[in-house]
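Here is a short set of exercises to work through with the coordinates open beside you. Try each task before you read its solution.

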Amino acid sequence: MVTKKTLADGVSLTILPSTQFKTTRIVLNFIAPLQAETITQRSLLASLLETNSQDYPTQADLAAKLSAMYGANFGISVSKRGNTHVFSVVMTVVNDKFLPGETAVLTEGLAFLKQVLWRPNVSVGHFDTATFDREKTNMAAYLASVYDNKQAYASLQLQQLYFENSSAQRLPSFGNVNDLEPITASSLYRYYQQMLAHDQVAITVLGDVDVSVVTTLLADLPLAARTVTQPTVFYQQALLDTVAEQTEVQPTNQAKLNLAYQVPTYYYQPDYYALLLANGIFGGSPMSLLFTNVREKASLAYYASSAYDAFRGLITVQTGIDATNVTRVKEIIAAQLATLQAGEFSDELLAQTRATIKNQYITGLDSAGNLTIQALVRQLVPEAAVSTADFIAALDAVSKQQIVAAAQTIKLQAIYFLSSKGGDK
């Protein structure tokens with residue numbers, strides 16, 4: 001039975017009891033409103049804090065400690081969830097029940113997290129200069145490397161094109177090089193203190209644990225009460241008057257044609273299940289209209305698929321094509337959407353898509369990482385707290401007419417084309 005507790009105002013604890021795994025997974029999510037001016041700071045802070053601390057002043061020291069805890073895993077990452085930016089500290093340790101003697105790796109692991117987060121490598125009001133300079137240089141190199149991954153680059157450029165009215169939504173979750181440059185060891189330390197004091201904190205523990213023991217251990221973390229005023233988690237972008245288009249010429253072996261569509265449906269809101277199926281039929285499954293007709297039958301794309309962002313009301317299509325086929329590919333993608341919106345898809349395709357989504361959901365139950373992510377989603381979207389049986393029943397209850405109605409809300413908003421030759425625009 002899931003246990004939920006409030007450790008302090010703005011600090012929650014969710015314990016997911018499970019004998020399914022031989023490990024215990026602890027996640028501390030620091031949740032803040034998504035703001036363009038803080039995204040890059042949070043990303044750099046994640047890299048900095050997982051590198052070393054006062055107690056483990058080098059990466060080798062930190063790695064040795066993890067090894068001593070029977071190969072514990074530790075990492076920090078950032079992500080965007082609609083109008084929120086999430087700073088996630090994750091640690092996985094072997095369950096003490098599977099270790100020899102009177103081990104207490106869970107207790108040791110939580111003490112380690114406390115040391116890393118609240119005893120960082122700082123001196124006189126700033127992060128250790130050598131560590132800071134190294135991680136800032138590494139992050140600049142990573143941001144530059146995105147340019148070399150043409151599909152990732154195209155996806156980010158489409159995002160910038162589509163979210164023209166939101167500087168925060170236009171930025172990737174890991175920030176950008178322009179905002180990285182002015183960050184100093186002192187300014188980042190000040191932001192770190194602000195984050196610890198003011199962010200909403202959602203802690204999740206997954207594993208075969210004693211609820212009272214875990215609660216006692218986590219209550220010892222120095223997380224004071226805080227006033228949390230989170231915005232509505234869902235980002236709603238108004239429809240653009242005209243479709244935004246951009247063509248960019250770069251050296252690339254394979255042209256990228258990416259499209260963005262607005263949808264008015266969000267996580268577990270009305271019509272969510274219908275849109276989930278609509279996206280699966282369109283391009284979100286291996287037997288989808290895009291895959292079958294654009295890639296397989298017409299042989300116009302090396303790959304073609306769609307993805308649904310249920311926090312931002314967005315469907316994106318990604319394709320890899322020959323640049324000379326761009327006009328034809330645009331036409332055939334539009335034709336697949338029209339087919340979906342007209343309900344001209346087979347009952348077999350609908351049944352296959354429904355089965356695929358069910359299987360994906362059930363398979364996700366075998367992943368500790370997925371389960372803790374879903375716990376975060378449920379923290380942000382209370383309506384997401386549905387059982388597996390309820391999810392499957394809701395998916396089965398969606399009619400073809402409801403799928404068509406949901407599909408008809410899909411509106412093309414932006415087209416980004418990247419190639420070495422340009423295109424028809």
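## Exercise 1: A residue in helix H5

At 23% relative accessibility, Ser-155 counts as partly exposed. Keep in mind that this is a predicted model.

**Task.** Locate Ser-155 and find which residues it is in contact with, leaving aside its neighbours within four places in sequence.

**Solution.**
- Step 1: Begin with the element; Ser-155 belongs to helix H5, which covers residues 150–162.
- Step 2: Check the class. Partly exposed runs between 20% and 50% relative accessible area, and Ser-155 has 23%.
- Step 3: With neighbours within four places set aside, the contacts of Ser-155 are Asn-258 and Gln-318.
- Step 4: Take one of these partners further: Asn-258 is 103 residues from Ser-155 in sequence, yet their C-alpha atoms are 7.0 Å apart.

## Exercise 2: Two helix residues

**Task.** Decide whether Thr-339 is buried or exposed, and do likewise for Ala-274.

**Solution.**
- Step 1: Place the residues. Thr-339 sits in helix H12 (residues 326–341), and Ala-274 in helix H10 (residues 272–284).
- Step 2: Apply the cut-off, under 20% for buried. Thr-339 has a relative accessible area of 19%, so it is buried. Ala-274 has 4% and is therefore buried.
- Step 3: List the contacts beyond four places in sequence. Thr-339 touches Leu-289, Glu-344 and Phe-345. Ala-274 is in contact with Val-398, Gln-402, Ile-403 and Ala-406.
- Step 4: Add a distance for Ala-274: Arg-226 is 48 residues away along the chain, and the two C-alpha atoms are separated by 38 Å.

## Exercise 3: Positive phi in loops

**Task.** Find where Tyr-70 and Ser-299 lie, and say what is notable about the phi of Tyr-70 and of Ser-299.

**Solution.**
- Step 1: Recall the background: most residues other than glycine have a negative phi.
- Step 2: Read the angles. Tyr-70 has a phi near 55°, which is positive in a residue other than glycine. Ser-299, not a glycine either, has a positive phi of about 55°.
- Step 3: Find the loops. Tyr-70 is between helix H2 (59–68) and strand S4 (73–81), while Ser-299 is between helix H11 (289–297) and strand S11 (301–309).
- Step 4: Classify the exposure. Tyr-70 is partly exposed at 42% relative accessible area, and Ser-299 counts as exposed at 54%.

## Exercise 4: The whole protein

**Task.** How does the radius of gyration of the protein compare with that of a compact globule?

**Solution.**
- Step 1: Count the elements: the protein has 16 helices and 13 strands.
- Step 2: Compare the radii. A compact globule of 425 residues would have a radius of gyration near 22 Å, and the protein agrees with this, at 23 Å. Its C-alpha atoms fill a box of roughly 65 × 50 × 40 Å along the principal axes.
- Step 3: Turn to burial and contacts. Of the 425 residues, 54% are buried. Among contacts with a separation of 6 or more, 81% join residues 24 or more positions apart.
- Step 4: Look at the surface. The protein exposes about 18400 Å², with carbon and sulfur atoms supplying 51% of it.

## Exercise 5: The largest cavity

**Task.** What volume does the largest cavity have, and which residues line it?

**Solution.**
- Step 1: Count first: there are 2 cavities of 30 Å³ or more.
- Step 2: The largest cavity has a volume of about 40 Å³.
- Step 3: Its lining consists of Leu-48, Leu-49, Asn-52, Pro-120, Asn-121, Phe-127, Asp-128 and Thr-131.
- Step 4: Sorted by class, that lining has 4 nonpolar, 3 polar and 1 charged residues.

Technical notes. Residues are numbered from 1 along each chain as its sequence is written. This is a predicted model: local features need pLDDT of at least 70, side-chain atom pairs count only at pLDDT 80 or more; totals for chains, interfaces and linings use all residues. Side-chain values use heavy atoms; hydrogens and water are left out. On a 1 Å grid over the protein atoms alone, a cavity is a set of points where a 1.4 Å probe fits but cannot get out, and a pocket is an open set with protein on both sides within 12 Å along at least five of seven lines; lining residues have an atom within 4 Å of a point. Grid points are joined across faces, edges and corners, and a volume is the space filled by probe spheres set on the points. Ala, Val, Leu, Ile, Met, Phe, Trp, Tyr, Cys and Pro count as nonpolar, Asp, Glu, Lys and Arg as charged, and the others, Gly among them, as polar. Helices (H or I, at least four residues) and strands (E, at least two) are DSSP runs, numbered from the N terminus. The radius of gyration is taken over C-alpha atoms; the globule rule is 2.2 Å times the number of residues to the power 0.38. Buried means under 20% relative accessible area, exposed over 50%, partly exposed in between (1.4 Å probe, protein chains only). Contact means heavy atoms within 4.5 Å. Accessible areas come from the Shrake-Rupley method with a 1.4 Å probe; for residues, only the protein chains shown count as cover.
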